[in-house]
Amino acid sequence: MYHFTYHVTWPTSTDGLLVPTWKIAMTLSEIADGKLAPRTGIKLDKISKRYGDHTVLDDVSLHVEPGTVTALIGPSGAGKSTFLRCINLLERPDSGTIQVAGHTIEPGKVVNNKDLAALRSTVGMVFQSFNLFPHMSAMKNISFPQQKVLGRTKEEADARSMELLERVGLKEKANQHPGRCSGGQQQRIAIARALALDPSIMLFDEPTSALDPEVGLEVLAVMRELAADGMTMIVVTHEMQFARDVSDTLVVMADCKIIEQGDPGAIMSDPQEARTRRFLRAVLER
Amino acid sequence: MTWLTEWTAYLPQMMSGLGVSLLIAAVSIVAGYPLGLVLSVMVSAKNLASRTLALAVVEIGRGAPALVILYLFYYGLPKFGIAFESITAACLALIWNSAAYSSEIMRAGIQSVDRGQLEASSALGLAQRHTFWRVIMPQGMRSAIPGLMGVAIQMFQGTSLAYAIAVPELMKSAYNIGSQDFNYLQIFTLAGLCYAAISMPATWITVFFEKRMARHA
């Protein structure tokens with residue numbers, strides 16, 4: 001029998017919206033039960049994607065260490081979103097290998113629906129447009145996938161949903177429909193919905209781009225906490241401050257390729273590529 | 001005799017006709033809409049055979065006048081030894097009609113659901129059937145409600161076609177009364193009012209739903 005204790009610490013957020021610092025101790029069996037998914041990284045090798053004659057991704061490779069935050073920046077049309085969506089196979093690349101959460105996906109290899117669902121439930125995704133289910137309450141939005149994908153009972157799922165709603169500071173919105181929540185609140189519910197499936201990796205596709213800057217902050221605060229907790233995250237973003245402060249690796253994409261990657265501070269202060277310099281000047285001097 | 005006293009005298013007989021009309025309309029909606037839902041799913045199915053079949057049913061139902069289908073059921077099918085009572089034939093023809101029209105409205109409703117809903121469902125790992133029945137359908141049907149209510153009103157008015165095969169519905173009652181003492185003007189005005197008494201409030205309800213829907217879009 002293993003006895004293994006896992007400590008999770010949540011820092012208090014600056015704006016006081018979020019839950020105070022608390023600790024949970026978990027045994028390995030609880031981790032195996034899926035309460036806390038094991039940490040896994042991502043390996044993407046030589047990913048290419050074309051739509052007809054139009055190339056979107058050209059031989060892109062990226063390795064993400066478990067428990068790290070990778071910020072993906074670059075001009076529109078660089079292929080950032082498509083690249084992100086290849087990780088959970090919302091887009092199927094034409095060539096290249098994807099290793100994620102114990103699954104290896106190669107071109108030509110048929111992925112059955114069961115494996116696909118398993119992969120997708122270990123990879124959480126948050127969209128620019130939230131994509132909450134408008135006909136369900138916040139609680140139901142979070143509970144329903146748990147019941148269908150993980151087979152949790154309604155009681156188990158609701159308890160977990162409540163816990164997560166509290167964590168993103170929206171306990172009082174549990175019975176409200178998304179239409180009654182602000183954009184920032186909707187995005188936090190969407191994050192809770194993704195977390196409810198106990199993913200080991202979280203993908204964020206411009207999570208604050210549809211929000212006004214002030215509201216975006218409350219979403220970024222949740223993401224900071226998640227990063228501090230050691231969640232493996234890939235974030236497509238235009239939030240340079242967030243990329244600098246939170247990410248371990250900054251990846252710059254332009255013209256269907258990764259043109260530069262490394263320490264965020266180093267790249268921002270001293271970009272090696274002319275294209276990176278041009279892009280950074282455009283976003284930072286705005 | 002004034003119109004009003006005449007109308008009062010005719011009303012009981014008219015009411016029984018109205019009852020039959022409402023019954024046919026109800027049957028064509030209650031049976032036609034679920035069938036329409038099945039057709040709307042089949043039309044966008046991957047299977048070519050089911051797609052072709054559904055398309056044929058929908059296109060005939062919408063392309064041919066309801067009266068033609070009604071005659072085919074009542075006068076045509078006995079040729080193959082299939083004979084229906086007039087009211088059954090009327091119901092079947094109108095079920096086909098309402099299934100065809102409602103399926104197109106439901107299909108449009110389903111297609112109007114934001115693509116992001118599908119992506120979010122996929123990203124969560126939801127099975128296709130859960131995505132369809134629990135995420136896409138409820139939203140698609142919601143936006144289809146005003147259209148479906150419109151078709152329901154059309155179906156009610158369409159029941160007047162059953163007069164042509166001697167179903168004792170509202171028009172038939174009116175004609176019978178009219179032919180007794182040739183008060184056609186009074187009696188058909190009354191028939192029109194009876195149809196309007198049902199259709200107009202139904203239209204108001206539809207408009208109310210449309211406005212409500214627009215507000216909560």
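Of the 286 residues in chain A, 45% are buried in this predicted model. The secondary structure of this chain amounts to 10 helices and 12 strands. Among the contacts in chain A with a separation of 6 or more, 64% are made by residues 24 or more positions apart.

Turning to the strands, chain A holds an open sheet of six strands with mixed pairing, and their order is β8-β9-β10-β5-β11-β12. The edges of the sheet are formed by β8 (123-126) and β12 (257-262) of chain A, each of which pairs on one side only. On average, neighbouring strands of this sheet are turned by 15 degrees against each other, direction ignored. Within the sheet order, β10 is followed by β5. Strand β5 (residues 69-73) and strand β10 (residues 232-236) of chain A run parallel and are joined by four bridges. A helpful landmark for viewing this pair is A:A71, which stands opposite A:V235 in β10(A).

The helices of chain A offer a packing example as well. Helix α4 (residues 138-150) packs against helix α6 (residues 183-195) of chain A at an angle of about 20 degrees, and their axes are 8 Å apart. Because angles under 35 degrees count as roughly parallel, α4(A) and α6(A) are roughly parallel to each other. Their crossing is right-handed. On the α4(A) side, the contact is made by A:A138, A:N141, A:I142 and A:P145, while α6(A) contributes A:I189, A:A192 and A:R193. By character, the residues of this contact divide into five nonpolar, one polar and one charged.

One member of this contact, A:P145, deserves a closer look. This proline is found in helix α4 of chain A. A:P145 has 28 other C-beta atoms within 10 Å and is therefore buried, since the cut-off for a buried residue is 20 or more. The C-alpha atoms of A:P145 and A:A194 are separated by 9.0 Å, although the two residues are 49 residues apart along the chain. Leaving aside residues up to four places away in sequence, A:P145 touches A:R193, A:A196 and A:L197, together with B:L124 and B:L126 of chain B. A:P145 thus takes part in the contact of α4(A) with α6(A) and also touches residues of chain B.

The contact between the two chains takes 18 residues from chain A and 17 residues from chain B. On the side of chain B that touches chain A, α5 (115-124) and α6 (128-158) of chain B each supply at least two residues. The largest share of that side, seven residues, comes from α5(B). The residues of chain B on this side divide into seven nonpolar, seven polar and three charged.

Elsewhere in chain B, B:S160 provides an example from a loop. This serine is found between α6 and α7 (170-181) of chain B. B:S160 has 18 C-beta neighbours inside 10 Å and so counts as partly exposed; the class lies between the limits of 12 or fewer for exposed and 20 or more for buried. B:S160 and B:L67 are 93 residues apart along the chain, and their C-alpha atoms are separated by 10.0 Å. Not counting residues up to four places away in sequence, B:S160 touches B:L170 and B:M171.

Technical notes: Residues numbered from 1 in each chain as written. Chains lettered and ligands numbered in written order. Predicted model: local features only at pLDDT ≥ 70, side-chain atom pairs only at ≥ 80, totals over all residues. Contact = placed C-beta atoms within 7 Å. Pairing = 2+ DSSP bridges. Axes fitted to C-alpha atoms, helices over the stretch in contact; angles between N-to-C directions. Parallel < 35°, antiparallel > 145°, perpendicular 65-115°, else oblique. Left-handed = near helix turned anticlockwise from the far one by under 90°. Nonpolar A, V, L, I, M, F, W, Y, C, P; charged D, E, K, R; others polar.
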